[in-house]
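Colleague: I should be grateful for a close look at the nonpolar interior of this protein and the strands and pocket around it. Please take the parts in turn and connect them where they share residues.

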Amino acid sequence: MADDYYNEKDTLETIVMRDDDGCEIEFFVIDAAEKDGIKFLLVVSAEDYDNEEPEAYIIKEVRDEGDEILFEFVTDENEYAQAAVLMSGDDDDYEIKSTEV
C-alpha cells in the first residue's frame with residue numbers, strides 16, 4: 001500500500017494538515033497500512049524530513065469528503081501500537097520507536 005503514496009517520478013507524496021491555530025503543515029508519507037478498513041499513514045513533516053532521525057507520526061483517515069480526505073493523529077496507545085506493528089513488518093528503511101503520543 002505504501003506504493004500508493006509515490007508519484008510517477010518516484011518521489012514521496014505529500015499531504016497537508018492544519019494545526020490547532022489553522023496553520024498548514026506539510027507532511028511526507030513514508031508508509032501506509034490498512035486494518036479493518038482503516039487507513040493508517042506514517043508521516044514526517046517536510047520541515048524535519050532531512051534530519052538524521054526525523055520525528056514521525058501515525059495518522060489515520062477519519063472520513064472522505066469527496067475530493068478531500070480528512071486525517072487525524074492516532075492518540076490511542078493500543079491503536080498506535082497496532083498501526084506501528086503493521087508498518088514495521090519487513091521494512092528495513094526505518095525503525096519505529098514508540099514514544100508517548
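**The nonpolar cores and their surroundings**

Modeller: In this predicted model, the largest nonpolar core has 13 residues, of which Ile 30, Phe 40, Leu 42, Ile 58, Val 74, Ala 83 and Met 87 touch the most other members. Two or more residues of this core come from each of strand S2 (24-35), strand S3 (38-45) and helix H1 (77-88). Helix H1 supplies the largest share, namely four residues. Separate from this set is a second core of nine residues, which includes Val 29, Leu 41, Ile 59 and Phe 71.

The strand pairing may be taken next. S2 and S3 are antiparallel and are paired through eight bridges. Within this pair, Asp 31 lies opposite Leu 42 of S3, and Leu 42 is also one of the residues with the most contacts to other members of the largest core. The two strands make a hairpin in which two residues separate them, and Asp 36 in the turn has a positive phi of about 55°. S2 also has a connection to S1: these strands run antiparallel and are joined by five bridges. Thr 14 has Phe 28 in S2 as its bridge partner. S1 and S2 likewise form a hairpin, here with five residues between them, and the turn contains Gly 22, whose phi is positive at about 85°.

A charged residue deserves separate attention. Lys 60 belongs to strand S4 (residues 56-65). With a relative accessible area of 15%, Lys 60 counts as buried, because the limit for that class is under 20%. Apart from neighbours within four places in sequence, its contacts are Ile 38, Lys 39, Phe 40, Leu 70, Phe 71, Glu 72, Val 74 and Glu 79. Among these contacts, Phe 40 and Val 74 are members of the largest core, whereas Phe 71 is a member of the second core.

Phe 71 leads on to the second largest pocket, whose lining consists of Ile 15, Val 16, Met 17, Arg 18, Glu 24, Glu 68, Ile 69, Leu 70 and Phe 71. Strand S1 (14-18) and strand S5 (68-73) are the elements that each give two or more residues to this lining. The pocket has a volume of about 250 Å³. By class, its lining comprises six nonpolar and three charged residues, with no polar ones. Leu 70 and Phe 71 thus appear in the pocket lining and also among the contacts of Lys 60.

Methods: Residues are numbered from 1 along each chain as its sequence is written. This is a predicted model: local features need pLDDT of at least 70, side-chain atom pairs count only at pLDDT 80 or more; totals for chains, interfaces and linings use all residues. Side-chain values use heavy atoms; hydrogens and water are left out. On a 1 Å grid over the protein atoms alone, a cavity is a set of points where a 1.4 Å probe fits but cannot get out, and a pocket is an open set with protein on both sides within 12 Å along at least five of seven lines; lining residues have an atom within 4 Å of a point. Grid points are joined across faces, edges and corners, and a volume is the space filled by probe spheres set on the points. Ala, Val, Leu, Ile, Met, Phe, Trp, Tyr, Cys and Pro count as nonpolar, Asp, Glu, Lys and Arg as charged, and the others, Gly among them, as polar. Buried means under 20% relative accessible area, exposed over 50%, partly exposed in between (1.4 Å probe, protein chains only). Contact means heavy atoms within 4.5 Å. A nonpolar core is a set of buried Ala, Val, Leu, Ile, Met, Phe, Trp, Tyr and Cys residues joined through side-chain atoms within 4.5 Å. Two strands pair if DSSP finds at least two bridges between them.
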